Amino acid sequence: MIYHEVLVVGGGLAGLRAAIEAHDAGCEVAVLSRVHPVRSHSVAAQGGINAALGNHEKAQDDSPERHAFDTIKGSDYLADQDAVEILTSEAPVCIYEMEHWGCPFSRTADGRIAQRPFGGAGYPRTCYAADKTGHALLHTMYEQTLKRRIRVYEEWQVVSLAVEDGRCYGVVALDLRTGALEAVGAGAVIFATGGGGRIYGNSTNNIINTGSGMAVAYMAGVPLKDMEFIQFHPTSLFGNNVLMTEGARGEGGYLRNALGERFMEKYAPQAMELAPRDITARAIQTEINEGRGFPGGYVHLDLTHLGAERIMERLPAIRDIAINFTGVDPIYEPIPIQPGQHYFMGGIDTDSTGATEVAGFYAAGECACVSVHGANRLGGNSLLETIVFGRIAGRHAAGYVKGEGGEAARSGLAKVMARVLGETEKKVLRVLEADGPEDPADLRDELRETMFRTVGLFRDEKTMTAGLEKVHELRERYPRMGLRHRGRRYNLDWARNLELEGMILVAEAIAAGALARRESRGSHFRTDARERDDESFLKHTIARLTGDGPRLEYRPVTITRWEPKARTY
Amino acid sequence: MRGARGVWGWLLQRVTAVGLAVVLTVHLYVLHFAGEHAVLTVADVSVRLRTLTFILVDFGLLAFALYHGLYGLRSVILDYTTRESTVRAVTVGLWALGSIAFVYGALALLLLIKG
Amino acid sequence: MAKLDIERIRLKVYRFDPETDREARIDTHDVPYVDGMTVLDALFHVLEKIDGSLAFRFSCREGICGACAMFINGSYRLACETQVARVLREGHRELHVMPLPHLPVIKDLVVDMTRFWQNYEAIAPWIVTRTADPEKERLQSPAQRKLIDEYVGCILCGSCFSSCPSVWTGREYLGPNAMMKTYRWVVDSRDDAAVERLGRAGNEKGAWRCHTIFNCTEACPKKINQTSAIQGLKRRTVAAMLRGAR
């Protein structure tokens, strides 16, 4: 059996940062990833990463406290404020560290890290590398893992988490290239598996963002938190929902409806296009729903007034994408955009050290919910979360392995891993041999369509109930599916449909959480309960998997310095 | 610069390229455009070759062409293997071949110069 | 994109499983065409609706992760950002999808990039500094930043490596990507290891193997000019040698 002191699952920013930290703390570390690390979804982040550096001329008096306040207000007061304070106070340290590691940030005239305005932020504090910030950060992070010679299991897909008596012993994973199922024991396991955007239709996410890590943890008894809070990005390309960075508006881009109006003045007269994402996305959808969009259902992101030079320098990738996918050159024409599913604020329930209720099992990044984003994440805070909490989780996992999770605690390892390997083997073979009448591609398409339509930007009891029923139906149809290919080597049919079960279960947790939350808060907007209800719902939703679906519990939000107030922009 | 190898060799290949461009131009011009006689005799050539300029041009042409060409050949061989011992054998072999060819060419030139 | 008046597109795709097949074959599928369809969409249609055994790599579907570099209708391209309509506009009547040439095939369109990654690692592609990290950022002017701009845009897709004749024949050649990345660090104003880097690249397994064929530059989906970076390495190695750098 393979064994590593610390096993990180996921090769994106959070995973690699955690691996580096655990390595530097003296642990033997390996990373296991569904794709080569640089293919991870972090690479697709565009606009930037927040830190109160005060490098912008208009941000001289910015501070981690102001950053924290913006984040908490942005979260519609659902974020845990102690965690947010960690996030924002660690931000400058983490950004400078990335710079010292060679990250190619864009620069101010005097050579400092350049910063731009972003939605919901009182100051321009979003550090960027043109519009390829995630790419710049991830490649830099990967360089640092190469420097440390950290072992990477490339193209391995985790199928189950080995948990017994409240303690984690490792994972069982499928090596895609050989098709072999392998038990990987570990002193501590850190999940950094990313979000589950592909559970939704119209998603900006990578195709691999299926929420598989959340699902694997959830199926192993680890609860999920605040799953009903799904971010819809205001500006995704019409048609295929490729992300058009918020940085485009940060650089001064306008949103216009079919009448040519800058309609944001009706929804956020102060912040205009730089209102937080939940408000901006709903504004766009409202324009479309009320007939002021363009035929097919989109509005315009207009950059034409920015000029060729600024677009080429600050937004070159956006321009390439717009040209490649729609034939529109943003220098001369406005870009057709629509809201698209973008981010999971919720995830695996962790505390501010990345620890879960299972000893030796940690989570960081989008798959985790610390929670720092609450009901709505501010742009530029997700990259920040990956690095800050990846580092913290790596440090605490290493501490666990060196301390209470040491050799003695792992006496039962071989037995537990053998049991979980046996169970997982049965499960994966059942899927491989499935020859029922249902087409899994249809199940996936129906799930994605259902989630976007029924638990989307605007929600109500009736629609969500119907959506949840549909998810239940998919759950029942899943075991009746049939695969097209039964070989073991690089069998995508197998690997993808193995994940489908988890996608359905996570979707169920989302819909159930949303139905139970009878208020509107941040991204969760109910047309049948339009106001925020702090009395009843200033609390986190905790979903545990039971034999008949999720069981919901609630937990109070940590408030330190900022009492909930009305949220206007 | 630990690890650097073949820098001078490559530089010399560039230098000989420039050298070739110069001497080849002179050579071609003199051969095909500058002659007053319709028909050249061995004696004419011999006389011309006795001037210092032409001694330099023609020996230069011989040396540059040999180095440049053989370096190119070495490059082609090294595209298939860069094993240390092979590289050394190829380099020594080609230098030997080049030297022999140069001596042979030089003797021919000297014969002409002598008339 | 202009609309295409077609209902189906013929897709010819390379199939080979080295463990079970004696030789490769080309499968032909007629795939329903929809506006805006990419080559990756067509491959997914085959996987989900026709033949579940097809293997290919994918991730971001927006041209930034580098997973889906393939040889499509005679050119190196990312399947995800290649519009079917664009291929047809070039005068092709069907799609031909092949794995990256000259790399061992793991299965179908999935190639073994081990050598590519090893070479990348061999050039020590991380920053090396000789001074203690300052409290804040190391300053870098916009002009200095511009020197690396082209090269940090690399997505490590392997197209250049697959396209380079010196890579095909020279099993030990570092290849265009590793050379270009070396140059990226040599010209980064914050890095202090230029001489070591030039030593690693300025030899018979490195820069001198580049014969300025420009295949890499033509193949690069991000339009990076690797060839000019390698030429830069050659110049800087010679300059360092003439300066007597040790």
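# Exercises on a predicted three-chain model

Strand 10 (residues 224–225) of chain A pairs with strand 18 (residues 539–546) of chain A in the antiparallel sense, over two bridges. The exercises below treat a predicted model, beginning with these strands.

## Exercise 1. Strand pairing in chain A

Task: Determine which residue of strand 18 of chain A is the bridge partner of A:L224, and how many bridges join strand 18 to strand 19 of chain A.

Solution.

Step 1. Locate A:L224 and look across to strand 18 of chain A; the bridge partner there is A:A543.

Step 2. Turn to strand 19 (residues 549–556) of chain A, which runs antiparallel to strand 18 and is joined to strand 18 by eight bridges.

Step 3. Take one position of this pairing: A:K539 stands opposite A:P556 of strand 19.

Step 4. Examine the connection. Two residues lie between strand 18 and strand 19 of chain A, and the two strands form a hairpin.

Step 5. Combine the results. Strand 18 of chain A pairs with strand 10 over two bridges and with strand 19 over eight.

## Exercise 2. The overall form of chains A and B

Task: For chain A and for chain B, compare the radius of gyration with the value for a compact globule.

Solution.

Step 1. Begin with the elements of chain A, which has 16 helices and 19 strands.

Step 2. Apply the globule rule to chain A. A compact globule of 569 residues would have a radius of gyration near 25 Å, and the 22 Å of chain A agrees with this.

Step 3. Add the extent and burial of chain A. Its C-alpha atoms fill a box of roughly 65 × 55 × 50 Å along the principal axes, and buried residues make up 65% of its 569 residues.

Step 4. Consider the contacts within chain A. Of those with a separation of 6 or more, 74% are between residues 24 or more positions apart.

Step 5. Repeat the procedure for chain B, which has four helices and zero strands. From the N terminus on, its elements run α-α-α-α.

Step 6. Apply the globule rule to chain B. For 115 residues the rule gives a radius of gyration near 13 Å, but chain B has 18 Å. The C-alpha trace of chain B spans about 55 × 25 × 25 Å along its principal axes.

Step 7. Complete the account of chain B. Buried residues make up 12% of its 115 residues. Among its contacts between residues at least 6 apart in sequence, 81% join residues at least 24 apart.

## Exercise 3. Contacts between the chains

Task: Establish which pair of touching chains has the most contacts, and which elements of chain C give two or more residues to each interface.

Solution.

Step 1. Identify the pairs. Two pairs of chains touch, and the most contacts are between chains A and C. No contact joins chain A and chain B, and their closest C-alpha atoms lie 20 Å apart.

Step 2. Describe the contact between chains A and C, which takes 44 residues from chain C and 46 residues from chain A. On the side of chain C, helix 1 (39–50), strand 6 (105–107) and helix 4 (142–152) each give two or more residues. The largest share, four residues, comes from helix 4 of chain C. By class, this side of chain C has 18 nonpolar, nine polar and 17 charged residues.

Step 3. Describe the contact between chains C and B, in which 22 residues of chain C touch 14 residues of chain B. Helix 6 (165–169), helix 8 (194–201) and helix 10 (226–243) of chain C each give two or more residues to the side that touches chain B. This side of chain C has seven nonpolar, seven polar and eight charged residues.

## Exercise 4. Domains of chain C and residue C:H211

Task: Find how far apart the centres of the two domains of chain C lie, and decide whether C:H211 is buried, exposed or partly exposed.

Solution.

Step 1. Divide chain C into domain 1 (8–111) and domain 2 (114–245). Over C-alpha atoms, 30 Å separate the centres of these domains.

Step 2. Examine the contact between them, which takes 12 residues from domain 1 and 11 residues from domain 2 of chain C. Strand 4 (residues 75–78) of chain C gives the most to the side of domain 1, with three residues. The residues on this side of domain 1 divide into eight nonpolar, three polar and one charged.

Step 3. Place C:H211 in the loop between helix 8 and helix 9 (215–219) of chain C.

Step 4. Count its neighbours. C:H211 counts as partly exposed because it has 15 C-beta neighbours inside 10 Å.

Step 5. Relate C:H211 to C:E150, which is 61 residues apart from it along the chain; their C-alpha atoms are separated by 21 Å.

Note on methods: Residues are numbered from 1 along each chain as its sequence is written. Chains are lettered from A and ligands numbered from 1 in the order in which they are written. This is a predicted model: local features need pLDDT of at least 70, side-chain atom pairs count only at pLDDT 80 or more; totals for chains, interfaces and linings use all residues. Two residues are in contact if their C-beta atoms, placed from the backbone, lie within 7 Å. Ala, Val, Leu, Ile, Met, Phe, Trp, Tyr, Cys and Pro count as nonpolar, Asp, Glu, Lys and Arg as charged, and the others, Gly among them, as polar. The radius of gyration is taken over C-alpha atoms; the globule rule is 2.2 Å times the number of residues to the power 0.38. A residue is buried if 20 or more other C-beta atoms lie within 10 Å of its own, exposed if 12 or fewer, and partly exposed in between; C-beta atoms are placed from the backbone. Two strands pair if DSSP finds at least two bridges between them. Domain bounds come from an automatic or database domain assignment.
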